[in-house]
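Me: I should like to go through this structure and ask, for each descriptive term, what justifies it. Please set each value against its cut-off.

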Amino acid sequence: KDTLKENLIQTVKDSYGKEMTKATEKAVVRQIENKTDAVLERHYGNYKIRKKEIEQQRKKELENAPPADITKINAAYDSRQAQNKENFIAALQESTREITKESAEITVRAVEIDKRQREKDAIEDEIRKHLRGFSRTIPSFLMAYGTDETTLENFDTVIPDAVFREVTTISLKEFRFLRDGGDYTDEETGETKHFNGHLFDPVVFNDSIKEFLALKKKLANYFDESNKEDIFDYIPPQKNNQIFTPKKVVKEMVDLLEKENPGCFDNPDHTFIDLYMKSGLYITEIVKCLYNSEKMKALYPDGNNRLDHIFAVQMFGLAPSEIIYKIATAFILGFDENAADRKHNFKLYDALPAAKKGALEQELDKVFASQKKS
């Protein structure tokens with residue numbers, strides 16, 4: 001029995017070892033061992049029962065037999081025991097073939113189940129990866145498109161599909177499927193199945209939205225120097241080009257600009273441009289410098305008029321994608337309740353291709369043609 005089990009298990013490992021996980025291999029070995037024990041012990045039990053019956057019959061017949069018949073009776077019963085043993089051996093041989101066949105079937109089924117489970121795990125891992133990626137993008141979407149009315153239920157109605165796919169790598173249709181569920185076709189079987197969805201907890205999701213939007217509003221006034229944080233401390237960088245320059249670095253950049261160009265923030269005719277806006281932090285730091293300049297205050301005593309001049313005449317910016325444009329302008333103009341009416345020179349335009357071709361100056365003339373005319 002032990003030899004048979006060892007041979008069967010070795011055959012399984014040689015044939016299918018690379019296709020099974022360790023856990024599946026252990027389960028298969030356990031099934032083969034149990035099957036082998038059960039079948040062989042059943043035949044051995046039958047053999048012993050039959051052997052005992054023959055001996056009882058021998059004993060009973062010998063009790064009443066004349067001495068002259070004893071040898072003949074023993075020979076007959078010895079022959080029956082020999083036949084019982086042959087039957088046992090034949091049953092073992094047949095069982096060996098049966099066990100070998102069933103072991104192969106057990107192994108094939110296990111390998112197939114293992115394969116399907118790995119595929120299922122891979123799909124679930126992919127979904128989890130998408131969900132992790134999606135959760136990192138939520139603050140960006142809220143910064144760009146969020147309003148007080150935004151919830152899980154209408155989250156997908158304010159974001160263009162192309163923008164959503166660019167940032168999350170999944171479409172709005174796929175997002176709705178994860179959120180709401182629906183029917184789908186099993187690619188392997190062709191069956192129509194139903195997915196319940198509800199991968200997002202609406203209470204947690206909506207509370208998170210409210211919390212972020214409240215924080216956005218609280219930190220909107222970048223002129224308030226008591227605010228040591230900015231909203232980008234709460235927006236994770238993305239794998240695409242949506243990576244924000246830290247505020248400390250931006251301040252150092254602006255300080256260096258002034259150091260190399262003394263008085264640059266005192267002249268109302270000086271213009272400034274961020275050719276590749278990400279957060280808008282660089283723009284806002286310059287706006288603050290212009291706004292707080294004593295000479296600018298003397299020229300434009302009214303703070304609102306001063307801001308009108310700064311945004312309409314002095315500040316320019318380009319954003320390479322729609323979501324970055326929305327994020328940057330939401331931050332730059334977020335302090336202003338009347339931002340929608342304030343004239344500005346921030347454009348959705350990817351300057352990188354023109355810069356690579358050495359044609360940026362000509363392209364800027366086209367992009368800001370209306371400002372030049374006015």
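Me: Why are α7 and α8 called oblique to each other?
Reply: In this predicted model, helix α7 (residues 247-260) and α8 pack at an angle of about 50°, with their axes 9 Å apart. Angles under 35 degrees count as roughly parallel and 65 to 115 as roughly perpendicular. The angle of about 50° falls in neither range, and α7 and α8 are therefore oblique.

Me: What is the hand of the crossing in which α7 passes α8?
Reply: The crossing of α7 and α8 is right-handed.

Me: What makes α8 and α10 oblique to each other?
Reply: Helix α8 (residues 281-292) and helix α10 (residues 303-314) have their axes 10 Å apart and pack at an angle of about 130°. Roughly perpendicular covers 65 to 115 degrees, and roughly antiparallel needs over 145. An angle of about 130° meets neither condition, so α8 and α10 count as oblique. The crossing of α8 and α10 is right-handed.

Me: Why is Val-249 described as partly exposed?
Reply: Val-249 lies in helix α7 and has a relative accessible area of 35%. Buried means under 20% and exposed over 50%, with partly exposed in between. The value of 35% therefore makes Val-249 partly exposed.

Me: How far apart are the C-alpha atoms of Val-249 and Tyr-282?
Reply: The C-alpha atoms of Val-249 and Tyr-282 are separated by 9.4 Å, and the two residues are 33 residues apart along the chain.

Me: How do you know whether Gly-280 is buried or exposed?
Reply: Gly-280 lies in the loop between β3 (272-274) and α8, and its relative accessibility is 2%. Buried means under 20%, so Gly-280 counts as buried. Although Gly-280 and Phe-331 are 51 residues apart along the chain, 6.5 Å separates their C-alpha atoms.

Me: What makes Gly-181 buried?
Reply: Its relative accessible area is 19%, and the class of buried residues takes values under 20%. Gly-181 is therefore buried. The residue sits in the loop between α5 (172-180) and β1 (182-185). From C-alpha to C-alpha, Gly-181 and Leu-199 are 8.8 Å apart, with their positions 18 residues apart in sequence.

Me: Why do Gly-197 and His-198 receive their accessibility classes?
Reply: Gly-197 lies in the loop between β2 and α6, and His-198 is in the loop between β2 (192-195) and α6 too. Gly-197 has a relative accessible area of 11%, under the 20% limit, so Gly-197 is buried. His-198 has 62% relative accessibility, over the 50% limit, so His-198 counts as exposed. The C-alpha atom of Gly-197 is 9.8 Å from that of Phe-175, a residue 22 residues away along the chain.

Me: What is notable about phi of His-198?
Reply: Phi of His-198 is near 60°, a positive value in a residue other than glycine. Most residues other than glycine have a negative phi.

Me: How many cavities of 30 Å³ or more are counted, and which residues line the largest cavity?
Reply: The count comes to 1 cavity of 30 Å³ or more. The largest cavity holds about 50 Å³ of space. Its lining consists of Met-143, Lys-216, Leu-219, Ala-220, Ile-231, Ala-330, Phe-331 and Gly-334. By class, this lining divides into 6 nonpolar, 1 polar and 1 charged residue. Glycine is counted among the polar residues and lysine among the charged ones.

Me: Which residues lie nearest the centre of the second largest pocket?
Reply: Gly-146, Asp-148, Lys-216, Lys-217 and Gly-334 lie nearest its centre, among 18 lining residues. The elements that give two or more residues to this lining are α3 (70-145) and α6 (202-218). The largest share, 4 residues, comes from α6. About 530 Å³ of space lies in this pocket.

Me: What is the composition by class of the lining of the second largest pocket?
Reply: The lining of the second largest pocket has 10 nonpolar, 3 polar and 5 charged residues.

Definitions and conventions:
Residues numbered from 1 in each chain as written. Predicted model: local features only at pLDDT ≥ 70, side-chain atom pairs only at ≥ 80, totals over all residues. Heavy atoms only, no water. 1 Å grid on protein atoms, 1.4 Å probe; cavity = no way out; pocket = protein on both sides within 12 Å on 5 of 7 lines; lining within 4 Å. Points joined across faces, edges and corners; volume = space filled by probe spheres on them. Buried < 20%, exposed > 50% of the residue type's maximum accessible area, 1.4 Å probe, protein only. Axes fitted to C-alpha atoms, helices over the stretch in contact; angles between N-to-C directions. Left-handed = near helix turned anticlockwise from the far one by under 90°.
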